[in-house]
Amino acid sequence: MSDSPVVNAPLDPKEKPILDSLLYIRDKLSLLKQDRSTYIKSKDVLSLYNETIKQVQFLNDLRKEHKKPLENNRVDNVLEDCFQLISLFFLTIGRNNEAPAVYSMCSTVKRLLDHLSEVNFYSAKDLDGIESTFATMRETLQRGKESYSPHLLTLLENRLDTCHLILEELYRRLENLSPELVPTYEKLVSILRSMAACNTRNTFPAGEVRAFRDQLIQMQATMVDGKFLGNDSTVPQGQDIVGNLLNRCLLWADLCLERNGKIDERFKPTYDKLLEIRNQLEKLTLTQAWSLRETDLYNYQRQLDRIDESRIDGNFEDAQGNKADLHAQRTLLYLIRRSYAYIYGLIRSSEPVSEALLPVFNQLQTLRRCLLEVKKSGGVSSPRELYPYSMKLNSIDNMRTDGKFMIGSDIPEGQGSVNALLAECFDTAYELRVEAEENSASDE
């Protein structure tokens, strides 16, 4: 496994034993990630987490002694890999609400915020979702103060602070936008993103892009002397923001139609790789409950990081050092941002249930949806119609030992979530049965 894509400083020879230990830990994490013969056990993950924290303590003490607290070399790159993997393992074993699980989300959010800041078009809704995620992560760190290493907590708190500064700056950029122009601005953001998606389809939908361009021209036609007017014919604040975005949209529509979905051949290999990553992540969002092991996201993250950090001063360059044209640049950046957004969504929607209990949890979620649909459609005419649901619920209930779902002698994480879902299904089935019995009695 290669290191995280960060520029390396020379390695202090005294850090070599720490590097060797971290490389060994990373290899063990990688082997554990690849082993699909059994589910990931909490004790294995915690053991590797403790080994990693021990090396962090050694590293911090050494650098403090040599007055190099901000050193960044290969040790830090490998340490980043270890923490990233451990964080995804915590999600896999269902310990989503514990401090180490925050690491992977924090890294992904940082990437997203950097891209939003760079591209400079986004809606307040984008930022509100990330703000909500921040609140959840800070609560998780607060709960973990008594349980986890201060070295890890300090690292995560610093990263969250850095992210929050970027988020605040992004909010400030929208402060100059009048509420009257917000609907227009958000529509432009939506159109630009939709055209970017069209530009990466297997068959370029020229008709759809022309339709978007027609919408843009119609919006441009409502301007008076180059300005959007408010309901009372005044000139709302934020004309530059909306006007510039409209021009970007028109330029992008023309570029897409001119290229007809074809990217510069010099950047085709990078495009194909990013398209494959985006499509695979998109597929995972549709089948997440049944097919995703959160540690699988690590490889996608690392591939994206490498491509993203291969840019020179923000630009993609070919083998001869020539910069990509605007169409190739925007297309590649869109695919990177979309892929990071999928990873963000997959991590955020990860259930606090061990993969060992996911089959049962997923079955119960399906049963709950079915029962709620039956209830929504007016219930059942006879209690007999509920027999298939009752039989399935009872078979799941019989899997428990002393109220717990056991895998051999192990008690996987997520017992509370699975038991709560089972109880909800039983309650809904009971309500439907009582309602059916009451209806039958009244008919008689």
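User: Let's start with one residue. Leaving aside neighbours within four places in sequence, what is Thr140 in contact with?

Analyst: Thr140 is in contact with Asn97, Glu98, Ala99 and Val102, once those sequence neighbours are set aside. Bear in mind that this is a predicted model. Thr140 itself is found in helix α5, which covers residues 124-143.

User: And is Thr140 buried or exposed?

Analyst: Look at the relative accessible area: under 20% means buried. Thr140 has 4% relative accessibility, so it counts as buried.

User: Okay, let me zoom out. How many helices and strands does the chain have?

Analyst: The chain has 15 helices and two strands. Its C-alpha atoms fill a box of roughly 75 × 75 × 40 Å along the principal axes. Of the 444 residues, 48% are buried. You can also ask how far apart in sequence the contacting residues are. Taking contacts between residues at least 6 apart, 81% join residues at least 24 apart.

User: What about the outside: what share of the exposed area comes from carbon and sulfur atoms?

Analyst: They supply 50% of the roughly 22200 Å² that the chain exposes. One spot to find on the surface is a nonpolar patch of about 220 Å², made by Val224, Leu229 and Val235. Val235 lies in the loop between α8 (206-221) and α9 (239-259). With 46% relative accessibility, Val235 counts as partly exposed.

User: Now the inside. How do I read a nonpolar core, and which residues have the most contacts inside the largest one?

Analyst: Here's the general idea: in soluble globular proteins, nonpolar side chains tend to be buried together. In this structure, the largest nonpolar core has 110 residues, and Leu113, Phe134, Met195, Leu281 and Leu297 have the most contacts inside it. Helix α12 (residues 326-348) gives the most to this core, with 12 residues. Apart from this core lies another one, of 21 residues, among them Val353, Val360, Val380 and Leu421.

User: Can we look at Met195? What does Met195 touch, beyond residues up to four places away in sequence?

Analyst: Met195 touches Val209, Phe212, Leu216, Cys249, Trp252, Ala253 and Cys256. Try showing those side chains together in the viewer.

User: How do I read a single helix? Say α2: how far does it reach from its first C-alpha to its last?

Analyst: Compare the reach with what you'd expect from 1.5 Å a residue. Helix α2 (residues 42-65) has 24 residues and reaches 35 Å, close to the expected 34 Å. Then check which residues of α2 are buried; among them are Val45, Leu48, Tyr49, Ile53, Val56, Leu59 and Leu62. The cover over the buried residues of α2 includes α1 (16-34), α3 (74-92) and α6 (150-174).

User: Next, salt bridges. What's the idea, and how many are there?

Analyst: Side chains of opposite charge can pair when their charged atoms come close. Counting these pairs gives 33 salt bridges. One of them joins the side chains of Glu80 and Arg302, at 3.5 Å from N to O. Glu80 sits in helix α3 and Arg302 in helix α11 (residues 297-309), so this pair ties together parts that are 222 residues apart in sequence.

User: Are those two partners buried or exposed?

Analyst: Glu80 has 15% relative accessibility, so it counts as buried. Arg302 is buried too, with a relative accessible area of 8%. Arg302 also meets Asp81 in a salt bridge, at 2.8 Å from N to O. That pair links distant parts of the chain as well, with Arg302 in α11 and Asp81 in α3, 221 residues apart. Asp81 is at 0% relative accessibility and counts as buried.

User: Where could I see a salt bridge inside one helix?

Analyst: Try helix α6, where Arg173 and Glu169 are four residues apart, which means about one helical turn separates them. Their side chains meet at 3.6 Å, N to O. Arg173 is partly exposed at 26% relative accessibility, and Glu169 is partly exposed at 32%. Elsewhere you can trace a network: salt bridges that share partners join residues including Arg26, Glu80, Asp81, Arg111, Arg302 and Asp305.

User: Last one: which residues of α11 are buried?

Analyst: They are Leu297, Tyr298, Tyr300, Gln301, Arg302, Leu304, Asp305, Ile307 and Asp308. The helix α11 has 13 residues and reaches 18 Å, close to the 18 Å expected at 1.5 Å a residue.

Definitions and conventions: Residues numbered from 1 in each chain as written. Predicted model: local features only at pLDDT ≥ 70, side-chain atom pairs only at ≥ 80, totals over all residues. Heavy atoms only, no water. Core = buried A, V, L, I, M, F, W, Y, C linked by side-chain atoms within 4.5 Å. Buried < 20%, exposed > 50% of the residue type's maximum accessible area, 1.4 Å probe, protein only. Contact = heavy atoms within 4.5 Å. Patch = residues over 30% accessible without salt bridge, like charges linked within 9 Å, V, L, I, M, F, W, Y side chains within 5 Å. Areas by Shrake-Rupley, 256 points an atom, 1.4 Å probe, with all protein chains shown as cover. Salt bridge = Lys/Arg side-chain N within 4 Å of Asp/Glu carboxyl O. Expected span 1.5 Å × (residues − 1).
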